[in-house]
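Please examine the sequence and the structure shown below before reading on. The explanation that follows is meant to be read alongside them.

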Amino acid sequence: MKQMTTIDLRKSNLLTTLPVLLFVLLTSVLPICFLLSNAFSESGNSFDQGSGLSLENFREIFYDSYYIGRMLYTVLLVFLVSVLTLLVALPLTIIIARLRNFWRSTWVVLLLASLALSEVLTAYAWQIILSKSSGLPGWLESLGLLTDSNSWWPGFPAMLLVLVYFSIPIAMVMLLPPVSRMDRSFADSARMMGFSKIEVFLKITLPILRKPIFQTGLLMFLLNTGGFVISQQLGRPSDWMFSVFIADFMRSFNVPFAVALALCLLLTVVFLVGVTYLLFGRQGVNSRAV
Amino acid sequence: MLYKLFSLLGLGVFLYAPIFVVFGSSLNSSRQMVFPPSDPSMLWYQAFFSDPSWTGALVNSVVIACVSSILAMALAVLVAAEAWRRNSKFSRFLVGSISLPFLIPGIVFAVSISLVASIFGLLGTEVGIILGHVALLVAIPLVTTQLGLSQIDTEHVDAATLMGLSERETLFRLVLPIVRPYVITGGLFALIISMNEYVVAFMLSGFSVETLPIKIYNSQRYGFEPTLSVGTIIYIGFSLIVLSYIAITGKLWSLLGMKHSE
């Protein structure tokens, strides 16, 4: 890393670091402390700091396998969303990265602009598209391609589709820089040596890009475990992700229970990301930056 | 070649169909949400701007987004400058810990920051939401500012010092001009995300402050209405303007780490 050595570094910069430290205390340290203290307090019905140390919330969470099942379901769902997103995003990103400047620029702006559609707006827009009165089912019926159609939401397929829709532009924007910087000489020489396009993709392009692919997948995972709007708006209650329950208990002011659920989600994510990183991350990190 | 064309066309349609449909439905003249719109008119745009609950939510969003992104930029510059000048363990710790809210699942941060806000009496205030958004979004201008600082050639700094420029002069005449576009771009991204952010804003709103995403989400529960689409279109238009500005100022490419030959 480039260092500015000539400017006097010894001057202790309390004036700049103090506000930053206070801010970190307020927004990173305190939240984690309160998360722990509330999760282990007795169930109350307000934002009052719960009294006493109690495992009541966790006893309730682990009373039967319901929440464990929901957690497992959420992890698998989010994993599926991440994989599907990468499957769609990676080939398209490679195509876009090889376009001429003007078209590539146009696509970057198009992708970034569609990123501006937040969870709430995305869910709303797809509810319109998938509804019978003003969306696809109705149009297809009027064309005679469908009979007796209903709205296509709420349901698992609708929820999955919109979660992937929401993730694709983000994944593409993350993948585009490494893909466009990728050294194409390996792929080109392999092509000249007679390998097929698919072989080149599987044996050269994918291994070269494994680090950005891994990082993008990880971000998709984190992003989707943290959101609840799409799942709640487009899925049935049986399709809801873990975060929907947290939001619902917060809404109904059962704060300590919601906080205990949030802590479970955080610990699960930290555990999974940690394990994934230990298993696969090291190779990626050690690989030569391309 | 043809399959590439079709897959890109498919992507374009897939990404923009919802925006297109929302735009169409905002032009309906009746309360019914039909697409294509029947008897297109700007009626619901008038309705949006003459309804104080919608304009109030829009103003809240704009105020919160502007203040949050300015504060996020200021904090990001402080932290990035510190990390750049010292590159010590402590400064790396600052960078890591200030980015933490961005890295943990959104709902977990939203819940935990609302606990902090309730202790300080900030729940249900705009200040509370601003605090949450600054904490969530400071990571974005931080990354772009660090990228900007890494573009500065140490030799130029040495030269400036040799020529007798003071630290302050070096800062204002060499460092700032190079870094400024990166800081501003990061701030603009933060602005867009803050305008659109729902989860943290909702948890901190305490049912008493409404931003536009909260208002849209709440209204959705009582059924569709074209004003919802109007709100959505205003948002997308706003984001497009900001993004085009970023693209025109030309830093988009280096921010994305891409070479852009003219």
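The paragraphs below treat one chain as a whole, then the contact between the chains, and then single helices and residues.

The reader should bear in mind from the outset that this is a predicted model. Chain B offers a convenient starting point. It contains 13 helices and zero strands, and the order of its elements from the N terminus is therefore written as a run of α symbols, α-α-α-α-α-α-α-α-α-α-α-α-α. The C-alpha trace of chain B extends over about 70 × 60 × 35 Å along its principal axes. Chain B has 262 residues, of which 52% count as buried. Its exposed surface amounts to about 11,300 Å², and 70% of this is supplied by carbon and sulfur atoms. The contacts within chain B also deserve attention: among those with a separation of 6 or more, 73% join residues that are 24 or more positions apart.

The next topic is the meeting of the two chains. How many residues does each chain bring to the contact? Chain A provides 88 residues and chain B provides 91 residues. Together the two chains bury about 8,200 Å² between them, and 75% of that area lies on carbon and sulfur atoms. Zero salt bridges are found across the interface of chain A and chain B.

A single residue illustrates this contact. A:T17 belongs to helix α1 of chain A, which covers residues 14-39. Is A:T17 buried or exposed? Its relative accessibility is 9%, and A:T17 therefore counts as buried, since the cut-off for a buried residue is under 20% relative accessible area. When neighbours within four places in sequence are left aside, A:T17 is in contact with B:E82, B:F90 and B:L94.

Two helices of chain B may be considered next. Helix α6 of chain B, residues 126-137, has 12 residues and reaches 16 Å from its first C-alpha to its last, close to the 16 Å expected at 1.5 Å a residue. Of the 12 residues of α6(B), 10 are buried, so this helix is largely enclosed by the rest of the structure. Among the buried residues of α6(B) are B:G128, B:I129, B:I130, B:H133 and B:L137. Helix α7 of chain B, residues 139-150, likewise has 12 residues and a reach of 16 Å, close to the 16 Å expected. The buried residues in α7(B) include B:A139, B:I140, B:P141, B:T144 and B:L149.

Helix α3 of chain B, residues 52-86, contains B:S61. With 3% relative accessibility, B:S61 counts as buried. Which residues does B:S61 contact, leaving aside its neighbours within four places in sequence? They are B:M195, B:T211, B:L212, B:P213 and B:Y235.

Chain A provides a further example of a covered helix. Helix α5 of chain A, residues 119-129, is mostly covered, with 11 of its 11 residues buried. These buried residues include A:E119, A:A123, A:Y124 and A:W126. Two of the residues just named are in contact with A:I230, which touches A:E119, A:A123, A:M159, A:V162, A:L163, A:F166 and A:G235 when residues up to four places away in sequence are not counted. A:I230 itself lies in helix α11 of chain A, residues 229-234, and its relative accessibility of 2% means that A:I230 counts as buried. The C-alpha atoms of A:I230 and A:Y124 are separated by 8.8 Å, although the two residues are 106 residues apart along the chain.

A second pair in chain A may be set beside this one. A:L112 is located in helix α4 of chain A, residues 101-115, and is buried, with a relative accessible area of 7%. A:L112 and A:L15 are 97 residues apart in sequence, and their C-alpha atoms are 37 Å apart in space.

Finally, the surface may be considered. A:F79, A:L80, A:V83, A:L84, A:L87 and A:V88 form a nonpolar surface patch, with about 490 Å² of accessible area together. A:V83 is found in helix α3 of chain A, residues 66-97, and is partly exposed, with a relative accessible area of 33%. An α-helix has 3.6 residues a turn, so residues three or four places apart point the same way.

How values were computed:
Residues are numbered from 1 along each chain as its sequence is written. Chains are lettered from A and ligands numbered from 1 in the order in which they are written. This is a predicted model: local features need pLDDT of at least 70, side-chain atom pairs count only at pLDDT 80 or more; totals for chains, interfaces and linings use all residues. Side-chain values use heavy atoms; hydrogens and water are left out. Patches are made of residues with over 30% relative accessible area and no salt bridge: like charges are joined within 9 Å, nonpolar side chains (Val, Leu, Ile, Met, Phe, Trp, Tyr) within 5 Å. Accessible areas come from the Shrake-Rupley method with a 1.4 Å probe; for residues, only the protein chains shown count as cover. A salt bridge is a side-chain nitrogen of Lys or Arg within 4 Å of a carboxyl oxygen of Asp or Glu. Helices (H or I, at least four residues) and strands (E, at least two) are DSSP runs, numbered from the N terminus. Buried means under 20% relative accessible area, exposed over 50%, partly exposed in between (1.4 Å probe, protein chains only). The expected span of a helix is 1.5 Å times one less than its number of residues. Contact means heavy atoms within 4.5 Å. Buried area is the accessible area (1.4 Å probe) that two parts lose on being put together, summed over both.
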